[in-house]
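Student: Please take a close look at a single part of this model, the one you think best repays attention. I would like one connected account of how that part is put together and what lies against it.

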Amino acid sequence: MTQQNGSKPVPRHLRQVGPQAPSATEAESHERVAHEGAPEEREHFSAVVITVSDRCSRGERQDASGPALVELLEREGYQVVHTTVVPDDLQRIQYAIAQAAEADAALVLTTGGTGFSPRDVTPEATTAICERMAPGIPEAMRAASMAITPHGCLSREACGILGRTLVVNLPGSPKAAVENVSAVIGPIAHGLRILRGGPADCAAQPVSRG
């Protein structure tokens, strides 16, 4: 390194003699936390992934959506306790969801069966078995999809609550499934904390300014 005015380099351990000014990245992070509130502590909720596909259930096609969702969930701190593949059959889908709820899984993600085909009945199965619906989640996912493709409005995915379990429908495409749930993964975690008996305050916590 070139030194000006004939001065000698300062030893590294003597360079910092006072508090160092935060970098632009650190300053931006502090401002974001002050505006949004401190991030909530990540909890390790249990999850089940249900792939709904006639062809996958018959072994005619390899399931790609299920493993993609498992990878995303584990990266987000979820414990995936079970995965299964069922055909596009109303009763089989309902049974798989009911089993997950009986096992007290916090989150169930279904992938497939949300389109316009006569065999696409995942939303109907979800609506029939859930006790309460959560329409804001699929609305947000469709809005996020519309920013990527105008075909996003064609997804009929639903979301509901069965006991202490949140059930979220996702498209059958691995790319679309991951994009959709990624758009709402943060709010889903907050909703699960409330559903599982946590605090019901939806407002960001104020940051102490000392």
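Tutor: A crossing is called left-handed if the near helix is turned anticlockwise from the far one by less than a right angle, and right-handed if clockwise; helices (H or I, at least four residues) and strands (E, at least two) are DSSP runs, numbered from the N terminus. The model is predicted, so local features need pLDDT of at least 70 and side-chain atom pairs count only at pLDDT 80 or more, while totals for chains, interfaces and linings use all residues. Residues are numbered from 1 along each chain as its sequence is written, and side-chain values use heavy atoms, with hydrogens and water left out.

The part I would choose is the sheet, together with the helices around it. The sheet is open and has 6 strands in the order S2-S1-S3-S6-S5-S4, with mixed pairing (two strands pair if DSSP finds at least two bridges between them). Its edges are formed by S2 (79-86) and S4 (132-133), each of which pairs on one side only.

Starting from the S2 edge, S1 (residues 46-52) and S2 run parallel and are joined by 7 bridges, with Ala 47 standing opposite Val 80 in S2. S1 also runs parallel to S3, to which 5 bridges join it, and here Val 49 stands opposite Leu 109 in S3. S3 in turn is joined to S6 by 5 bridges, again in parallel; Thr 110 stands opposite Asn 169 in S6, and the bridge partner of Thr 111 in S6 is Leu 170. Between S5 and S6 the sense is antiparallel, over 4 bridges, and Gly 160 is placed opposite Val 167 in S6. These two strands form a hairpin with 2 residues between them, in which Gly 163 takes a positive phi near 65°.

S3 and S6 deserve a slower look for their burial (buried means under 20% relative accessible area, exposed over 50%, partly exposed in between, with a 1.4 Å probe and protein chains only). S3 (residues 107-111) is mostly covered, with 5 of its 5 residues buried, and this holds for both faces: Leu 107, Leu 109 and Thr 111 are buried on one side, Val 108 and Thr 110 on the other. S6 is largely enclosed by the rest of the structure, because 6 of its 6 residues are buried; Thr 165, Val 167 and Asn 169 point one way from S6, and Leu 166, Val 168 and Leu 170 point the other way. In the loop between H4 and S3, Asp 104 has a positive phi of about 65° although it is not a glycine, and Asp 104 counts as partly exposed because its relative accessibility is 32%.

Now to the helices. The buried residues of H6 (residues 136-146) are Ile 137, Pro 138, Met 141 and Ser 145. Seen down the axis of H6, these residues fall within an arc of 90° (taken from the directions from the helix axis to the C-beta atoms), so they line one face of the helix. They pack against S5 (159-162), S6 (165-170), H7 (174-182) and H8 (185-195), where contact means heavy atoms within 4.5 Å. The buried residues of H8 include Ile 185, Ile 188, Ala 189 and His 190, and just after H8, Gly 197 takes a positive phi of about 100°.

H7 also meets H3. The axes of H3 (residues 65-75) and H7 come within 8 Å and cross at roughly 30°, axes being lines fitted to C-alpha atoms, for helices over the stretch in contact, with angles from 0 to 180 degrees between N-to-C directions. That angle makes H3 roughly parallel to H7 (under 35 degrees counts as roughly parallel, over 145 as roughly antiparallel, 65 to 115 as roughly perpendicular and the rest as oblique). H3 passes H7 in a right-handed crossing, and the contact is made by Ser 65, Ala 68, Leu 69 and Leu 72 of H3 with Pro 174, Ala 177, Val 178, Val 181 and Ser 182 of H7.
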